Amino acid sequence: MRITALAGGVGGARFVRGLLHHLSGTRPGERPEVTVIGNTGDDITLFGLRVCPDLDTLLYTLGGGVHDGQGWGRADESHLVIAELAALGATPMWFSLGDKDFATHIYRSQLLGHGMPLSAVTARLAGRWGLGEQGVTLLPMTDTPVETHVVVTEDGQQRAIHFQEWWVRHQAALEAERFVVAGLDAATPAPGVLEAIRSADVVLLPPSNPVVSIGIILGVPGVRDALRGTRAPVVGVSPLVGGRPVRGHADVCLRTIGVDTTSEAVAGLYADFLDGWLVDPEDPMPETARSSGPALVRRPLLMSSVEAAAEIAASALELAQRLGTASGGGEVRP
Ligand code: GDP
Ligand code: CA
C-alpha cells in the first residue's frame with residue numbers, strides 16, 4: 001500500500017509522525033510506503049545559506065531530533081553561531097537558527113552549490129534522519145526555487161516582504177493584502193511528486209495551513225490535476241479545533257484570501273478533489289454540509305501527543321478505507 005501526504009511544517013510533521021507511529025504496528029512486509037510532499041514556499045536564503053523550514057521540521061520531527069516544545073528546530077540546541085553573527089552586525093536577527101540547525105543549512109547549501117537538485121539534497125538529509133528505515137520518502141514539492149511573499153501596506157505604501165519576515169518578525173500582525181508566490185507558475189513538480197499522487201492508494205492532507213502550506217503545494221503546476229485524477233481517496237484533517245487554528249495564524253491567512261475560518265470553508269478550498277474530511281466535535285461545521293461535501297467524520301483533532309496524532313491518522317485511514325471500498329478502489333489495511 002502507498003500513502004501520500006502533503007505537508008507543511010509543524011502541523012504536517014506531527015500528523016505524519018502520528019501516522020508512522022500507527023503504521024509501526026503493521027506486520028513486517030506489509031508496511032505501507034509513505035511519501036511526504038513538503039512545502040518549499042517558506043524557503044529563504046539567510047546568511048548565504050538556503051533554509052527550508054518546512055522540510056527541516058519534517059526531517060527533525062520524523063527523525064526524532066526536533067525540539068518538541070517548540071515544534072521546530074533541534075532539541076538540545078546551542079546558539080553560538082547566531083550570537084557571533086549578531087556581534088558582527090549581520091542581519092536579519094529575527095529568524096532563530098541554532099548551531100546544529102546551521103549545519104543542515106550549510107550542508108544543503110554546499111550540495112545545492114554543487115548543482116544537486118533540492119530533491120536529491122533532501123534525500124541525502126533524509127538518510128541522516130533514518131526516514132528510509134521508517135518507509136518514508138520525503139520529496140520537496142518542487143526543485144524550482146519558490147518563495148511566498150506577502151504584500152503588506154505600511155505607512156500607506158504597498159510592498160512585498162518574504163513570508164518569513166511577515167510570519168516570524170511581524171507575527172502576521174502587518175495587514176496583508178495578498179500572497180504572491182515568486183517562481184510558482186514556472187515551477188515543475190519534483191521528480192516523483194505527481195507519480196506519488198497518481199499511484200497512491202490513499203492521499204492524506206494533514207492539518208497543515210490551508211493557505212501558505214497546502215495551498216502553495218496545490219499551486220505547483222500539475223499537482224491539483226493529479227489530485228483530481230487520482231483513483232485514491234483523498235482524506236483531509238481540519239487544522240481548526242474549536243473554530244480556531246491550534247497554532248500559528250491560519251485565520252489571518254484565510255482572511256487574506258477572503259475565506260472564513262471554518263472547517264467547512266477550508267474544505268471548500270479542496271472541494272474539487274476532497275473525498276473525506278475529519279473535523280473536531282467542537283467544530284461549528286453544519287451537518288447540512290454532509291449531503292453535498294466530502295464524507296465527514298467528527299473526532300477530537302488535538303495532536304496533544306504522538307499517540308493522539310496516531311489515533312487521528314488511524315481515523316483518516318479508516319475513512320479512506322470506507323471511501324475506497326465504496327468506490328471499488330484498492331483495499332486499505334494499516
Ligand atoms: P507550519 O508550516 O509550521 O506553520 O505548519 P503546518 O502548515 O504544517 O501546520 C500549521 C497548522 O497546523 C495550523 O493551522 C494549526 O492549526 C494546525 N495544527 C497544529 N497543531 C494541531 C493539532 O494538534 N490539531 C490540528 N487539528 N491542527 C493542528
Ligand atoms: Ca511553514
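Start with how ligand 1 is held in this predicted model: one of its oxygen atoms sits 2.7 Å from a polar backbone atom of P239. Two other residues make a similar kind of approach with their backbones, V246 at 2.8 Å and M303 at 2.7 Å. Here are the three side by side.

| Residue | Atom in the residue | Atom in ligand 1 | Distance |
|---|---|---|---|
| P239 | polar backbone atom | oxygen | 2.7 Å |
| V246 | polar backbone atom | oxygen | 2.8 Å |
| M303 | backbone N or O | oxygen | 2.7 Å |

How much of ligand 1 does the protein bury? Taken alone, the ligand exposes 590 Å², and the protein buries 93% of that.

**The shell around the ligand**

There are 20 residues around ligand 1, and P239 and M303 turn up again among those that come nearest, together with S208, S213 and L301. Sorted by class, the shell is a mix: 10 residues are nonpolar, 8 are polar and 2 are charged. Helix α1 gives the largest share of this shell, with 3 residues.

**The pocket it fills**

Where does ligand 1 sit? The space it takes is the largest pocket, which has a volume of about 990 Å³. Its lining runs to 44 residues, and the ones nearest the pocket centre are G9, V10, W72, W167 and R247. Four elements each give two or more residues to that lining: α1 (10-23), α2 (53-62), α4 (99-113) and α6 (163-169). Which of them gives the largest share of the lining? That would be α2, with 5 residues. So the two lists have their own leaders, if you take the definition of helices as DSSP runs: α1 for the ligand shell and α2 for the pocket lining.

As for chemistry, the pocket lining has 21 nonpolar, 17 polar and 6 charged residues.

**Two backbone oddities**

Most residues other than glycine have a negative phi, and most peptide bonds are trans. Two spots in this chain go the other way. D76 has a positive phi, near 50°, and you'll find D76 in the loop between α2 and α3. The peptide bond joining T91 and P92 is cis, with omega at about 0°. P92 lies in the loop between α3 (80-88) and α4.

Technical notes
Residues numbered from 1 in each chain as written. Chains lettered and ligands numbered in written order. Predicted model: local features only at pLDDT ≥ 70, side-chain atom pairs only at ≥ 80, totals over all residues. Heavy atoms only, no water. 1 Å grid on protein atoms, 1.4 Å probe; cavity = no way out; pocket = protein on both sides within 12 Å on 5 of 7 lines; lining within 4 Å. Points joined across faces, edges and corners; volume = space filled by probe spheres on them. Nonpolar A, V, L, I, M, F, W, Y, C, P; charged D, E, K, R; others polar. Near = heavy atom within 4 Å. Polar contact = N/O pair within 3.5 Å; in protein donor to acceptor, adjacent residues only side chain to side chain. Areas by Shrake-Rupley, 256 points an atom, 1.4 Å probe, with all protein chains shown as cover. Sits in = over half its atoms within 2 Å of the grid points.
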